[in-house]
Amino acid sequence: DTYPTFSSCDSITAKEDVKICFQNTLISNVNEFFAAQNIAVSEDVNDTIKLKIIINNKGVLEVESIQKQPETALQIPEIDSLLRQSLKGVPKIYPAIKRGQQVTTAFELPVIVKIN
């Protein structure tokens, strides 16, 4: 019935807009974290990494899987741990609600990695 959300998305009423706000908040957290890292690569990295994320009925976020190109893993061997670490700093998540109950949800978050 409702998508997982952050308190910063509370004022939004349209269901699709809440979803967009939630995803944008996650992505901006990841982007800010990566901007603070000093990642050096020998070849350009241009990849859209697919993060499969689960948010349980308590609002706890867990990374289920990370899909990336092999070249990305070669250039940035620590990419998985960096992605997981970047999601540790997200604000409190309010879980999805279905028929009045807090429920576990899973979704895919695309993360664009572009390093020259």
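**Exercise 1. Find which residues Ile115 touches, leaving aside its neighbours within four places in sequence.**

Solution, step by step.

- Skip the neighbours within four places in sequence, and the contacts of Ile115 turn out to be Ile39, Val41, Asp44, Val45 and Ile76. Keep in mind that you're working with a predicted model here.
- Now place the residue: Ile115 belongs to strand β7.
- Next, take one partner and compare sequence with space. Ile39 and Ile115 are 76 residues apart in sequence, yet their C-alpha atoms are 8.2 Å apart.
- Last, check accessibility. The relative accessible area of Ile115 is 16%, and the cut-off for buried is under 20%, so Ile115 is buried.

**Exercise 2. Work out how the chain is put together: how many helices and strands are there, and in what order?**

Solution, step by step.

- Count the elements: you get 3 helices and 7 strands.
- Walk along the sequence and write down each element as you meet it, which gives β-α-β-β-α-α-β-β-β-β.
- Look at the overall extent. The C-alpha trace spans about 50 × 25 × 20 Å along its principal axes.
- Check how much is tucked away: of the 116 residues in the chain, 38% are buried.
- Finally, take the contacts with a separation of 6 or more; 68% of these come from residues 24 or more positions apart.

**Exercise 3. Check the span of helix α1 against what is expected, then say what covers its buried residues.**

Solution, step by step.

- Helix α1 runs over residues 15–36, which is 22 residues.
- From first C-alpha to last, α1 reaches 32 Å, close to the 32 Å expected at 1.5 Å a residue.
- List the buried residues of α1: Val18, Cys21, Phe22, Gln23, Thr25, Leu26, Asn29, Val30, Phe33 and Phe34.
- Now see what packs over them. The cover includes strands β1, β2, β3, β4 and β7, along with helix α3.

**Exercise 4. Decide where the buried residues of α3 sit around the helix axis.**

Solution, step by step.

- Start with the names: Ile79, Leu82, Leu83 and Ser86 are buried in α3.
- Look down the axis of α3. The buried residues fall within an arc of 100°, so they line one face of the helix.
- Here's the handy rule behind such patterns: an α-helix has 3.6 residues a turn, so residues three or four places apart point the same way.
- Then ask what lies against them. Among the elements covering the buried residues of α3 are α1, β2, β3 and β7.

**Exercise 5. Classify two of the aromatic pairs as stacked, tilted or edge-to-face.**

Solution, step by step.

- The structure has 5 aromatic pairs. Let's take two of them.
- For Tyr3 and Phe107, the ring centres are 5.9 Å apart and the planes are at 45°, so this pair is tilted.
- That pair links distant parts of the chain: Tyr3 is in the segment before β1 and Phe107 in strand β7, 104 residues apart.
- Phe107 has 10% relative accessibility, so Phe107 counts as buried.
- For Phe6 and Phe22, the centres are 4.9 Å apart and the planes are at 20°, so this pair is stacked.
- This second pair also links distant parts of the chain, with Phe6 in strand β1 and Phe22 in helix α1, 16 residues apart.
- Phe6 is buried at a relative accessible area of 0%, and Phe22 is buried at 0% too.
- Put the four together: Tyr3, Phe6, Phe22 and Phe107 form one aromatic cluster.

**Exercise 6. Locate the disulfide and find its handedness.**

Solution, step by step.

- Searching the whole structure turns up 1 disulfide.
- The partners are Cys9 and Cys21, with sulfur atoms 2.0 Å apart.
- The torsion about their S-S bond is about -85°, so the disulfide is left-handed.
- Trace the link: Cys9 is in the loop between β1 and α1, while Cys21 is in helix α1, 12 residues along.
- Both cysteines, Cys9 and Cys21, are buried.

**Exercise 7. Is Arg99 buried or exposed?**

Solution, step by step.

- Find Arg99 in the loop between β5 and β6.
- Read its relative accessibility: at 72%, Arg99 counts as exposed.
- Check the backbone as well. Arg99 isn't a glycine, but has a positive phi of about 50°.

How values were computed:
Residues numbered from 1 in each chain as written. Predicted model: local features only at pLDDT ≥ 70, side-chain atom pairs only at ≥ 80, totals over all residues. Heavy atoms only, no water. Helix = DSSP H or I, 4+ residues; strand = E, 2+ residues; numbered from the N terminus. Buried < 20%, exposed > 50% of the residue type's maximum accessible area, 1.4 Å probe, protein only. Expected span 1.5 Å × (residues − 1). Contact = heavy atoms within 4.5 Å. Arc of directions from axis to C-beta. Phe/Tyr/Trp six-rings, centres within 6.5 Å; stacked < 30°, edge-to-face > 60°. Disulfide = S-S within 2.5 Å.
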